[in-house]
Amino acid sequence: MSGGSLKSLLSTAVLAGVMEARARIFGHVLNPTGQRSPHKILRKKLIGQKVAEWYPQDITKDDPLVMAREEQERVSKLEMLKRRGKGPPKKGQGRRAVKRSK
């Protein structure tokens, strides 16, 4: 073995030791082979709660005035459809009820 190869072997060992110590001190993940790792993704904070907090709560379900207005619109539309003869049939007089009576 020549002196040059021993020196390069020693320097690579020292370099590996320094990298390992640095990773331990700073809390990094040591990846000397360079393989893909999910660590970068898993290190990030989860954002689901932040996204959920961004959108306000649905006021249409809580406000009685909004609910009353929607119900009034539904009833008026139903009345308009009934006047034109397009409303829902009375109970027991639908399409299937007519077929059974034949």
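What percentage of the 102 residues of the chain count as buried? The share is 1%, where buried means under 20% relative accessible area, exposed means over 50%, and partly exposed covers the range in between, with a 1.4 Å probe and protein chains only. The model is predicted, so that local features need pLDDT of at least 70 and side-chain atom pairs count only at pLDDT 80 or more, whereas totals for chains, interfaces and linings use all residues. Residues are numbered from 1 along each chain as its sequence is written, and side-chain values use heavy atoms, with hydrogens and water left out.

The overall build comes next. The chain contains six helices and zero strands, giving the pattern α-α-α-α-α-α along the sequence; helices (H or I, at least four residues) and strands (E, at least two) are DSSP runs numbered from the N terminus. With a radius of gyration of 36 Å, well over the 13 Å given by the globule rule for 102 residues, the chain is more spread out than a compact globule. This radius is taken over C-alpha atoms, and the globule rule is 2.2 Å times the number of residues to the power 0.38. The C-alpha trace spans about 105 × 45 × 20 Å along its principal axes. About 10,500 Å² of surface is accessible, and carbon and sulfur atoms account for 59% of that area; accessible areas come from the Shrake-Rupley method with a 1.4 Å probe, and for residues only the protein chains shown count as cover.

Two C-alpha separations add to this picture. Serine 8, found in helix 1, is partly exposed at 38% relative accessibility. Between serine 8 and leucine 42 there are 36 Å in space, C-alpha to C-alpha, for 34 residues in sequence. Glutamate 53 belongs to helix 3 and is exposed, at 52% relative accessibility. The C-alpha atoms of glutamate 53 and isoleucine 41 are 22 Å apart, with the two residues twelve apart along the chain.

Now for the charges. The chain carries 24 positive and 9 negative charges, whose mean positions are 13 Å apart. Here Lys and Arg count as positive and Asp and Glu as negative, while His and the chain ends are not counted; each charge is placed at NZ of Lys, CZ of Arg, CG of Asp or CD of Glu. Side chains of opposite charge can pair when their charged atoms come close. The structure holds two salt bridges, each defined as a side-chain nitrogen of Lys or Arg within 4 Å of a carboxyl oxygen of Asp or Glu.

One salt bridge joins glutamate 20 to arginine 24, with 3.7 Å between the closest N and O atoms. These two residues are separated by about one helical turn because they are four residues apart in helix 1 (residues 3–26). Glutamate 20 is partly exposed at 41% relative accessible area, whereas arginine 24 is exposed at 61%. Another salt bridge links glutamate 71 and arginine 74, where the closest N and O atoms are 2.7 Å apart. Both residues sit in helix 5 (residues 64–83), three residues apart, or about one turn of the helix. Glutamate 71 is partly exposed with a relative accessible area of 39%, and arginine 74 is partly exposed at 47%.

Patches on the surface complete the description. They are made of residues with over 30% relative accessible area and no salt bridge, like charges being joined within 9 Å and nonpolar side chains (Val, Leu, Ile, Met, Phe, Trp, Tyr) within 5 Å. A patch of negative charge gathers Asp58, Asp62, Glu70 and Glu73. Aspartate 62 lies in helix 4 (residues 59–62) and is exposed, with 51% relative accessibility. A nonpolar patch brings together Ile47, Val51, Trp54 and Tyr55, which jointly have about 530 Å² of accessible area. Isoleucine 47 occupies the loop between helix 2 (39–43) and helix 3 (48–54), and its relative accessible area of 58% makes isoleucine 47 exposed.
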